[in-house]
Amino acid sequence: MTESSIPPRPAAFSYPGHGANARIGVALCHGFTGSPLSIMPWAQHLADLGYAVTVPLLPGHGTDWRQLALTGWKDWYGSYEKAYLDLAARTDACFTAGLSMGGAIALLAAARHPVAGVSVVNPGLTFYDWRVRIIGLLKYVQRTTVPLQEDQTGAPATDDGDYTLTPLSAVHELKKLFRAAVRGLPSVNAPVQVFKSRTDAVVPPTSLALLRKGLGANLVAVEELASSGHVATLDVDAPAIFAGSGEFFAGHARRTTTLETP
């Protein structure tokens, strides 16, 4: 195997920004058992537009399912929150954004901090599997399960580490994270943009219903993705996500900085 053919390994990403958009920050968050690789084209697009971008690698991710089992939702959220705060300290307007579980984390950060806005792709807040209701007990009798797989998706696989199994203790932590994010929705005072795949085998429609209820008028845009599965940032509709979020960030950053100008 040549050096150029070696697939990239999961790693955090940071870009300082350039040009007119350099003072606008976007903190992106990947999903559960994923890594920055799943949102790297999104991050790179925003960096090309000049935005200051950060994408942390969450604890327990990008390595091995056994490592994931040793972490909890507060570790994941704390890692992202630190990345957001570091970026917010050196920009005039800073947004949160994410995919799947990363969307829940981005929304929770927006509930706790004065973000300029939020853009999320297939944000997770609920589960399809009814067994999650008893996950707190189930994790003691069944240590792992197999990951969810989508039958129809145009997204290429990424080498996010060894996640051939999913620890149920981590699923329990994910449930706790979703609960915290839902509770925080009424505290989000920033505009929220949502991209939602019409066909998503991972996140059920009830997640969007909770967003509508909890965010109210702050949910300013819901864009349907007709041709993509769950990891839409790597799928057919990815260009629409990139273009739409870029316009959202630019428009709301202008409003934010105008409001702050004496």
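This passage describes the overall fold of the protein chain and the setting of one of its helices, H7, in a predicted model.

Eight helices and nine strands make up the secondary structure of the protein chain. The radius of gyration is 17 Å, which agrees with the value near 18 Å that a compact globule of 262 residues would have. Along the principal axes, the C-alpha atoms occupy a box of roughly 60 × 50 × 35 Å. Of the 262 residues, 55% are buried. Contacts between residues at least 6 apart in sequence were also examined, and 77% of these join residues at least 24 apart.

The surface of the protein chain was characterised by its composition and its charges. About 12000 Å² is exposed, of which carbon and sulfur atoms supply 56%. The chain carries 21 positive and 21 negative charges, and the mean positions of the two sets lie 11 Å apart.

Helix H7 spans residues 206-215, and its buried residues are Ser-207, Leu-208, Leu-211, Gly-214 and Leu-215. These residues lie on the same side of H7, because the arc that they cover around the axis is only 135°. The cover over the buried residues of H7 includes one helix, H4 (101-112), together with strands S8 (192-197) and S9 (219-225). Just after H7, Gly-216 adopts a positive phi of about 60°.

Key. Residues are numbered from 1 along each chain as its sequence is written. This is a predicted model: local features need pLDDT of at least 70, side-chain atom pairs count only at pLDDT 80 or more; totals for chains, interfaces and linings use all residues. Side-chain values use heavy atoms; hydrogens and water are left out. Helices (H or I, at least four residues) and strands (E, at least two) are DSSP runs, numbered from the N terminus. The radius of gyration is taken over C-alpha atoms; the globule rule is 2.2 Å times the number of residues to the power 0.38. Buried means under 20% relative accessible area, exposed over 50%, partly exposed in between (1.4 Å probe, protein chains only). Contact means heavy atoms within 4.5 Å. Accessible areas come from the Shrake-Rupley method with a 1.4 Å probe; for residues, only the protein chains shown count as cover. Lys and Arg count as positive and Asp and Glu as negative; His and the chain ends are not counted. The place of a charge is taken as NZ of Lys, CZ of Arg, CG of Asp or CD of Glu. The arc is that of the directions from the helix axis to the C-beta atoms.
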